[in-house]
Amino acid sequence: NSLFKMLRRELLPDFFLDPSLNALYEDKSLETKRFTHPLLPYFQFTHGFDQATNHWVLESQDNPGKRIQARDASWYSDARGGIICEDMGTGKTCECLALVLLTKRQMARPPIEGDILPCVGTVASTLKTDYYCERGNAFPRLKDLAIIKALLSCAESLRIMYEEGMIPEGIWLRMEAYPPYYWVNPISESRTRRGASSSSSSEAGSSVAFKVYMSSSTIVVVPDNLIDQWVREKYKHIEDFHGIEMLKIDSSTNNIPEPKTLIKYDLVLISVGRLSKEYIPIDSNLGELWFMCRCYSRGFQICTCKQRTQSATYRSPLLRVHWKRLIVDEGHIMSSRNTTRSMMAAYLIAERRWICTGTPTQNLAYATSMLSAETTGGSQSLFLPDAATDNALHSGSECIDRMPGSQATSPARSKQRRGHSASQRDSTSDFYQLGILISKFLRIDPFAHSASAWHSLIVQPYKRGEPGACDRLRALLQNIMVRNRPETVGSEVSLPPLYERSVELSPTPQQALTYNTVVAFFHINAILTERIGRDYFFHPENKRHLRQIVQNLFDACFWFSISAKHIAEGISNGQIALELWEIGKKPYSSEDADLLRKSIGVLKQASENPEWQYIAKCESVGYWVTGVPKRIARLVFGAYQPPSTKADESDGIEESSTGDSSTTQQLLTAAQLLEITNNTKLMLTVFDHDLPPRPTNVDPQEFDQLQGSSIHSCSSNKIAYIVNQIRRFENTEKCIVFVNNHGEISLLHEALRIARVLHLVYASQGMSQSQRRHNIMTFSSSTVYNTIVMDIQLAAYGIDLSAASRVWFVSPTWQTARERQAIKRAHRLGQTRPVFVETLLTKGTIEEALWRRRQELSKYEDAVVTKD
């Protein structure tokens, strides 16, 4: 079904109704033919378009009241391409490979002289071949005329016809060296210098014009971490004999082959990083370079004419091929307007353009539900609750119970405004990204030729709730998006069950203290700045600091270290402000003064807690260890001894231990625990079995004590839970842990090393692309490495991790699309076991509020959005 729709869009594109026209009603008095377009009145078949197939009466937005028949309306030709947005893990790569294999004999259609190639230039010639020129002035023979005619026909790929035995070898050897091409002039006629003669302009244009070779090749732009997966899928599903010829171009490829070599392949795979390196801006205002230097008059310190001339004369081999098809895997990355990868993709000359992504938009479903609720009179508002109301933690003192600025507005009105603005921000972002894909990449008219058409004809009518606006948008998306219904996929492909749940974890006392400390800084800042001025965190010009402290709030739910210096400064500033208020020099309210006292009390509690201070100073997660012999501790730590305490009920990493849990335990960092392990190994070493043991060796009694030692607890509830779960399943199942930043990766990596769990890491920092690819291959094939820790921003898209059946998210992800993509790394075609997914939440924190907000949005979507 999907492959058929892709072929139909490429070979028989539809007509798209001018979006400035509104559909009024269908004239039932006229007889209708049997076959009509399912998306009438907004789309119409190209073939058989007449009054008998479309009886709709239309009305112009610019001239209300004037009726227009469908046959008299303006219709635009649809794009030869679209968006492949099948569910994640259901075979989008296989569909693309099948499309390439099925159409490999088809050639791209040659353009007509004078046509404008978007972002590239103007076609300056008809289709040519150098075969005739090589014959000199001799009168061509009939065989030569036939060869020239075949080369210029571009009906089918002559190379494929030769491989299938349809062209004799002798004829093909004479044709192969002379592929058809046309000339492109990058200088726009409207950009030439005013007053310049036409002859000088043509001379300038001819000096920078370049050849573009016709081909039957498909170029696929793939994220750097997925290019090897495409290669594996090709060799897995396509036979070598009479299959497709493939060329792989990645970061290890220094020089890209010339166009005459590129067109010999059916499929060219190129990584996004390697494509970006080929980017050189195409200057369409080069005509003035041959008349007068104007660099200094424009304010440049040096002349740039030479550099611009060099850029004008160089063209990447990729830009000198007229590709039959361009496919961008994980194509949502093309929704950025000014990145080198999106601009380079715009420069590529391709007849058919496809975006392959499971998440073309992220919030449009929610935007539709919010709009539907508002237009139907719904009064429910979705909001993110105030952090201090729901997020403050009890840590032995009274909770801070209000976020800064909450007294300025009534709670109900604040919540309603916040929910509405959040929905608008999400939908506006998605509309903007979708508009770029449709206008700049797919180049669907009229949006491709007007920068404001998408906003004025689609977005604004939809947001205003105008009649027909939602239907027009839905029809457009249904037409360009290729997707099977989930029930259709489920009836043909059987995937193992997927089990998802959230796990609420109680915070440790150290986490509670850290979290309340961050909230206290919010309150102190709000009160001291009187909620005005640039120093106020919520001031529009202070977004960077606000983002940082909100991130600290999220980090505190996993583990976050605050320096003693900042604590002391917060206490000092708060006490000075409180003294000024007491003598009447500060206009704080009594409520703010009480809140300031509570905040100072939280900071003092942190500064007076020796364990918390010790962990914060070391910038590490704290581990409470019992049963370490005193002599070994002295040899490891020397004169310094970490804080000792009695065992408590904190979360712990499960260890087999025979020691008494009520004995004195020591608080150690990850580095110190690893040092104990290494030093103990050295102390157990005897270099010569014939000699008595060394003085530093462990005696039998100490060895027995070491066997009974254990890690009793951990200052991070999530680290303790994840390590325990991994140790429970690592021998029978493969496990994935998705984290949000490099700091969480480092802390979890240390914990797994301490727990002696063999694991791999997939991160953006400190790892090359080849190392990441090696770790993915090792995880999928090894029977030893059954755990991998992955950065969700880097690993959520495209990677095949169907070997894993246990997935953990260390914290909830706000972007639903990213979360679904990450889950589909494991729950996809090829999975043979049930997949279990757990999302960890710290109780009473901003994570819980974030999760609740997401659940409410999901309920709105299920209740309001119409299922297509």
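**Exercise 1. A serine in a loop**

In which loop is S802 found? Place this residue, class its exposure, then list its partners.

*Solution.*
Step 1. The model is a predicted one. In it, S802 sits in the loop between α30 (792-795) and β26 (806-809).
Step 2. Take the accessibility. S802 has a relative accessible area of 17%. Buried means under 20%, so S802 is buried.
Step 3. Look for polar partners. The side chains of S802 and D800 are joined by a polar contact of 3.0 Å.
Step 4. Leave out residues up to four places away in sequence. S802 then touches R825, A826, R828, L829, G830 and Q831.

**Exercise 2. The whole protein**

Give the secondary structure count, the buried share and the share of contacts between residues 24 or more positions apart.

*Solution.*
Step 1. Count the elements. The protein has 32 helices and 27 strands.
Step 2. Take the burial. Of the 868 residues, 51% are buried.
Step 3. Turn to the contacts with a separation of 6 or more. Residues 24 or more positions apart account for 78% of them.

**Exercise 3. How α21 packs on α22**

Describe the pair formed by helix α21 (residues 564-582) and helix α22 (residues 590-607).

*Solution.*
Step 1. Two packed helices are described by the angle between their axes and the distance between the axes.
Step 2. Here the axes come within 9 Å. They cross at roughly 150°.
Step 3. Angles over 145 degrees count as roughly antiparallel. The two helices, α21 and α22, are therefore roughly antiparallel to each other.
Step 4. Add the hand. The crossing of α21 past α22 is left-handed.
Step 5. Name the residues that meet. From α21 come I567, G570, I571, G574, Q575, A577, L578, W581 and E582. From α22 come S590, A593, L596, R597, I600, L603, K604 and S607.
Step 6. Recall the helix repeat. An α-helix has 3.6 residues a turn, so residues three or four places apart point the same way. Among the α21 residues that meet α22 are I567, I571, G574 and L578.

**Exercise 4. The tryptophan W581**

Is W581 buried, partly exposed or exposed, and which residues does it touch?

*Solution.*
Step 1. Locate it. W581 lies in helix α21.
Step 2. Class it. The relative accessibility of W581 is 23%. The partly exposed class lies between 20% and 50%, so W581 counts as partly exposed.
Step 3. Leave out residues up to four places away in sequence. W581 touches K586, Y588, S589, S590, A593 and R597.
Step 4. Find a polar link. A polar atom of the W581 side chain lies 2.8 Å from the backbone oxygen of Y588.
Step 5. Compare W581 with A593. These residues are twelve apart along the chain. Their C-alpha atoms are separated by 7.9 Å.

**Exercise 5. The ends and the buried residues of α23**

What lies at the start of helix α23, which of its residues are buried, and what follows it?

*Solution.*
Step 1. Begin at the start of α23. A side-chain oxygen of N609 reaches to within 3.1 Å of the backbone nitrogen of E611.
Step 2. List the buried residues of α23 (residues 610-618). They are E611, W612, Q613, Y614, I615 and A616.
Step 3. Class C618. Its relative accessible area is 33%, so C618 is partly exposed.
Step 4. Step past the helix. E619 follows α23 and has a positive phi, near 55°.

**Exercise 6. Cysteines and disulfides**

How many disulfides does the structure hold? Class C618 and C735 as well.

*Solution.*
Step 1. A disulfide is a covalent bond between the sulfur atoms of two cysteines.
Step 2. The structure holds zero disulfides.
Step 3. C735 has a relative accessible area of 0%, so C735 is buried. C618, at 33%, is partly exposed.

**Exercise 7. Unusual backbone angles**

Describe the peptide bonds before P41 and P446, then the phi values of C119 and R756.

*Solution.*
Step 1. The bond from L40 to P41 is cis, with omega near 5°. P41 is in the loop between β2 (21-26) and β3 (43-44).
Step 2. The bond from D445 to P446 is cis too, with omega near 5°. P446 lies in the loop between α15 (411-441) and α16 (453-464).
Step 3. C119 is not a glycine, yet its phi is positive, about 70°. C119 sits in the loop between β8 (116-117) and β9 (121-123). Its relative accessibility is 47%, so C119 counts as partly exposed.
Step 4. R756 is not a glycine either, and its phi is positive, about 60°. R756 is in the loop between α28 (742-754) and β24 (760-762). At 64% relative accessibility, R756 counts as exposed.

Methods: Residues are numbered from 1 along each chain as its sequence is written. This is a predicted model: local features need pLDDT of at least 70, side-chain atom pairs count only at pLDDT 80 or more; totals for chains, interfaces and linings use all residues. Side-chain values use heavy atoms; hydrogens and water are left out. A disulfide is a pair of cysteine sulfur atoms within 2.5 Å. Buried means under 20% relative accessible area, exposed over 50%, partly exposed in between (1.4 Å probe, protein chains only). Helices (H or I, at least four residues) and strands (E, at least two) are DSSP runs, numbered from the N terminus. Contact means heavy atoms within 4.5 Å. A polar contact is a pair of N or O atoms within 3.5 Å; within protein, one must be able to donate a hydrogen and the other to accept it, and residues adjacent in sequence count only if both atoms are side-chain atoms. Axes are lines fitted to C-alpha atoms, for helices over the stretch in contact, and angles run from 0 to 180 degrees between N-to-C directions. Angles under 35 degrees count as roughly parallel, over 145 as roughly antiparallel, 65 to 115 as roughly perpendicular and the rest as oblique. A crossing is left-handed if the near helix is turned anticlockwise from the far one by less than a right angle, and right-handed if clockwise.
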